[in-house]
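Me: I'm new to this one, and I'd like a close look at a single part rather than a tour of everything. Could you pick one helix and tell me how it sits with what's around it?

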Amino acid sequence: MRVHGQPYRTIFVADDGVTVAVIDQTRLPFAFELQHLRTAEDAAAAISDMVVRGAPLIGVTAAYGVALGMRADASDAGLDRAVALLGATRPTAVNLRWALARMRNMLATHAPEQRMRLAYEEARRIADEDVAACAAIGRHGLGILGQIRA
């Protein structure tokens, strides 16, 4: 989406390369504000407090939350803590569980010193996949609407 001519995603890595920025959906439509997530706890709060909404975005936020957790502690115990913390935010959320399982499965096979970089890369892939899926839905929907109007 564009805000004042500038393109935004609902979630993205900030210019510092590690902080994760999200559009605060509790402020919409009256204000456009970004929240900056610096820790797995920040990501968990963004999910719990409904700063981020919608199943795919919750999953992407959880994936980035794991990446933030790997910044603090990339050990096996740190990975387990981050996944448990984020998983407890919405226990019935399918995309959340799916994203956390994907992150855990991928990261568990790598050495701790590689995990932070790999976690950010995987979270970005999950975000890009969601953007592509939304674009495909939009294209498909446009075709259907075009048929209805005809």
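**A look at helix H2**

Reply: Let's start with Thr-61, which is buried, with a relative accessible area of 0%. Under 20% counts as buried here, so Thr-61 clears that cut-off with nothing showing. Before going on, keep in mind that this is a predicted model.

Thr-61 lies in helix H2, and H2 (55–72) is the part I'd pick for you. What does Thr-61 touch, once you skip residues up to four places away in sequence? The list is Ile-11, Leu-37, Ala-43, Ile-47 and Val-52.

Now step back to the whole helix. H2 has 18 residues, and 14 of them are buried, so the rest of the structure largely encloses it. Its length checks out too: at 1.5 Å a residue, H2 should span 26 Å, and because its end C-alpha atoms are 26 Å apart, the two values agree.

Next, slide along to Ile-58, which is also in H2. Ile-58 has 5% relative accessibility, so it counts as buried. Leaving out residues up to four places away in sequence, Ile-58 touches Ile-47, Val-52, Arg-90 and Leu-96. You've met Ile-47 and Val-52 already, since Thr-61 touches them as well. Another way to place Ile-58 is by Ala-44: the two are 14 residues apart along the chain, and their C-alpha atoms are separated by 9.7 Å.

Leu-96 is worth following, as it takes us out of H2. You'll find Leu-96 in helix H4, and H4 runs over 94–107. Its relative accessibility is 0%, so Leu-96 counts as buried. Apart from neighbours within four places in sequence, Leu-96 is in contact with Ile-58, Gly-59 and Ala-62, and also with Ile-47, Leu-86, Gly-87, Thr-89 and Arg-90. For a sense of distance, Leu-96 and Arg-117 are 21 residues apart in sequence and 21 Å apart in space, C-alpha to C-alpha.

So what is all this burial part of? As a general point, nonpolar side chains tend to be buried together in soluble globular proteins. In this model, the largest nonpolar core has 37 residues, and those with the most contacts inside it are Tyr-64, Val-66, Met-103 and Leu-107. Several elements supply at least two residues each: strand S4 (20–23), helix H1 (40–48), H2, helix H3 (76–87), H4 and helix H5 (112–149). Which element gives the most to this core? That's H2, with ten residues.

Take Tyr-64, one of those with the most contacts inside the core. Not counting residues up to four places away in sequence, Tyr-64 touches Ile-11, Val-13, Val-20, Tyr-120, Ala-123, Arg-124 and Ala-127. Ile-11 should ring a bell, because it turned up in the contacts of Thr-61.

Val-66, another of the residues with the most core contacts, leads over to H3. Val-83 touches Val-66, Leu-100 and Arg-104, again skipping residues up to four places away in sequence. Val-83 is found in helix H3, and with a relative accessible area of 9% it is buried. It's also 82 residues from Met-1 in sequence, and the two are 30 Å apart in space, C-alpha to C-alpha.

There's a pocket to look at as well. The largest pocket holds about 230 Å³ of space. It is lined by 15 residues, and the closest to its centre are Thr-10, Leu-57, Asp-130, Val-131 and Cys-134. H2 and H5 each supply at least two residues of that lining. By class, the lining has ten nonpolar, two polar and three charged residues.

Last, have a look at the loop leading into our helix. Met-50 sits in the loop between H1 and H2. With 39% relative accessibility, Met-50 counts as partly exposed. What is its phi? It's near 65°, a positive value in a residue other than glycine. In general, most residues other than glycine have a negative phi, so a spot like this is a good one to click on.

To pull it together: H2 is largely enclosed, with 14 of its 18 residues buried, it gives the most to the largest nonpolar core, and it helps line the largest pocket along with H5.

Notes. Residues numbered from 1 in each chain as written. Predicted model: local features only at pLDDT ≥ 70, side-chain atom pairs only at ≥ 80, totals over all residues. Heavy atoms only, no water. 1 Å grid on protein atoms, 1.4 Å probe; cavity = no way out; pocket = protein on both sides within 12 Å on 5 of 7 lines; lining within 4 Å. Points joined across faces, edges and corners; volume = space filled by probe spheres on them. Helix = DSSP H or I, 4+ residues; strand = E, 2+ residues; numbered from the N terminus. Nonpolar A, V, L, I, M, F, W, Y, C, P; charged D, E, K, R; others polar. Core = buried A, V, L, I, M, F, W, Y, C linked by side-chain atoms within 4.5 Å. Buried < 20%, exposed > 50% of the residue type's maximum accessible area, 1.4 Å probe, protein only. Contact = heavy atoms within 4.5 Å. Expected span 1.5 Å × (residues − 1).
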